[in-house]
Amino acid sequence: MGLLIRDDRQMNALTGLSQAQFDSLLPVFTDIYQAARQQKYEKGVASGTRRRKPGGGFKGKLPTMAEKLQFVLSYYKTYRPFDVLGAKCEMARSKANEHLHKLSPVLYDTLVHLELMPYRELATPEDLQAALQGGDHLLIDATERAYHRSTDDGKQREHYSGKKNSIR
């Protein structure tokens, strides 16, 4: 049994998506999941380790594709511990972990296919220009890094950021 979602507000709170957004994501997620499942089946048949056709066997606690998508989206929205996530979906924490690691690559591939994944690494200036197409603002998140302090007082003052350390 998946999550019981009553309305659009609760859907947004649990998954980060409206019902309309979820409904538009579901067919692509389903297609990519089925393709990955078929590829795994063909690989198993070729190696001789697969005896059962896709769809056979125990159905599990997340039988529908909507429940699978709700499960993985709710984890990434709230980052619940696997004990809590498993209890909400009536499964053991190990099964919750297993389902998440099986469904996360499918969600990633779905978001890449729909061109919804943000750029993570830009190797060249051309990649940066391509990433900025159509954007009005650029946000850069930077952190202050540790700096080896010189013993010379003048050089220390030159590189002082104005922040105090944890001792002072």
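Here are some notes on how the helices pack in this predicted model, plus a few residues worth a look.

1. Start with helix H2, residues 19-47. Its 29 residues should span 42 Å at 1.5 Å a residue, and the end C-alpha atoms sit 41 Å apart, which agrees. There is a bend in H2 all the same: about 30° at Leu26, with the proline Pro27 following within four residues.

2. What is tucked away in H2? The buried residues are Phe22, Leu25, Leu26, Val28, Phe29, Thr30, Ile32, Tyr33, Tyr41 and Gly44. Their cover includes helix H1 (8-15), H3 and H5. Leu26, where H2 bends, is thus on the buried list too. Just past the end of H2, Gly48 has a positive phi of about 85°.

3. Now for H2 against H3. The two helices pack at an angle of about 105°, and their axes are 10 Å apart. H2 and H3 are therefore roughly perpendicular to each other. On the H2 side the contact uses Phe22, Leu25, Leu26, Phe29, Thr30, Tyr33 and Gln34, while H3 brings Met65, Ala66, Lys68, Leu69, Gln70 and Leu73. Sorted by class, that contact has nine nonpolar, three polar and one charged residues.

4. H3 (residues 65-78) also packs on H5 (residues 93-113): the axes come within 9 Å and cross at roughly 95°. That makes H3 and H5 roughly perpendicular to each other as well. From H3, the residues involved are Lys68, Leu69, Phe71, Val72, Leu73, Tyr75 and Tyr76; they meet Ala96, His99, Leu100, Leu103, Ser104 and Leu107 of H5. The split here is ten nonpolar, two polar and one charged. Lys68, Leu69 and Leu73 turn up in the contact with H5 and also in the one with H2.

5. How far does H5 reach from its first C-alpha to its last? The answer is 30 Å for 21 residues, close to the 30 Å expected at 1.5 Å a residue. H5 has a kink of about 30° at Leu103, shortly before the proline Pro105. Leu103 is buried, along with Ala96, His99, Leu100, Ser104, Val106, Leu107 and Thr110. These buried residues of H5 pack against H2, H3 and helix H4 (82-88).

6. Have a look at Ile5, in the segment before H1. Buried or partly exposed? Ile5 has a relative accessible area of 22%, so it counts as partly exposed; the cut-off for buried is under 20%. Leaving aside residues up to four places away in sequence, Ile5 touches Gln10, Met11, Leu14 and Gln70. Ile5 and Gln70 are 65 residues apart along the chain, yet their C-alpha atoms are separated by 9.4 Å. Gln70 is also among the H3 residues that contact H2.

7. Two backbone spots deserve a check by eye. Most residues other than glycine have a negative phi. Glu90, in the loop between H4 and H5, has a positive phi of about 60° although it is not a glycine. At 44% relative accessibility, Glu90 counts as partly exposed. Glu115 comes just after H5, in the loop between H5 and helix H6 (125-132). Its phi is near 55°, again positive in a residue other than glycine. Glu115 counts as exposed, at 71% relative accessibility.

Terms used:
Residues are numbered from 1 along each chain as its sequence is written. This is a predicted model: local features need pLDDT of at least 70, side-chain atom pairs count only at pLDDT 80 or more; totals for chains, interfaces and linings use all residues. Side-chain values use heavy atoms; hydrogens and water are left out. Axes are lines fitted to C-alpha atoms, for helices over the stretch in contact, and angles run from 0 to 180 degrees between N-to-C directions. Angles under 35 degrees count as roughly parallel, over 145 as roughly antiparallel, 65 to 115 as roughly perpendicular and the rest as oblique. Contact means heavy atoms within 4.5 Å. Ala, Val, Leu, Ile, Met, Phe, Trp, Tyr, Cys and Pro count as nonpolar, Asp, Glu, Lys and Arg as charged, and the others, Gly among them, as polar. The expected span of a helix is 1.5 Å times one less than its number of residues. The bend at a residue is the angle between axes fitted to the seven residues ending there and the seven starting there. Buried means under 20% relative accessible area, exposed over 50%, partly exposed in between (1.4 Å probe, protein chains only).
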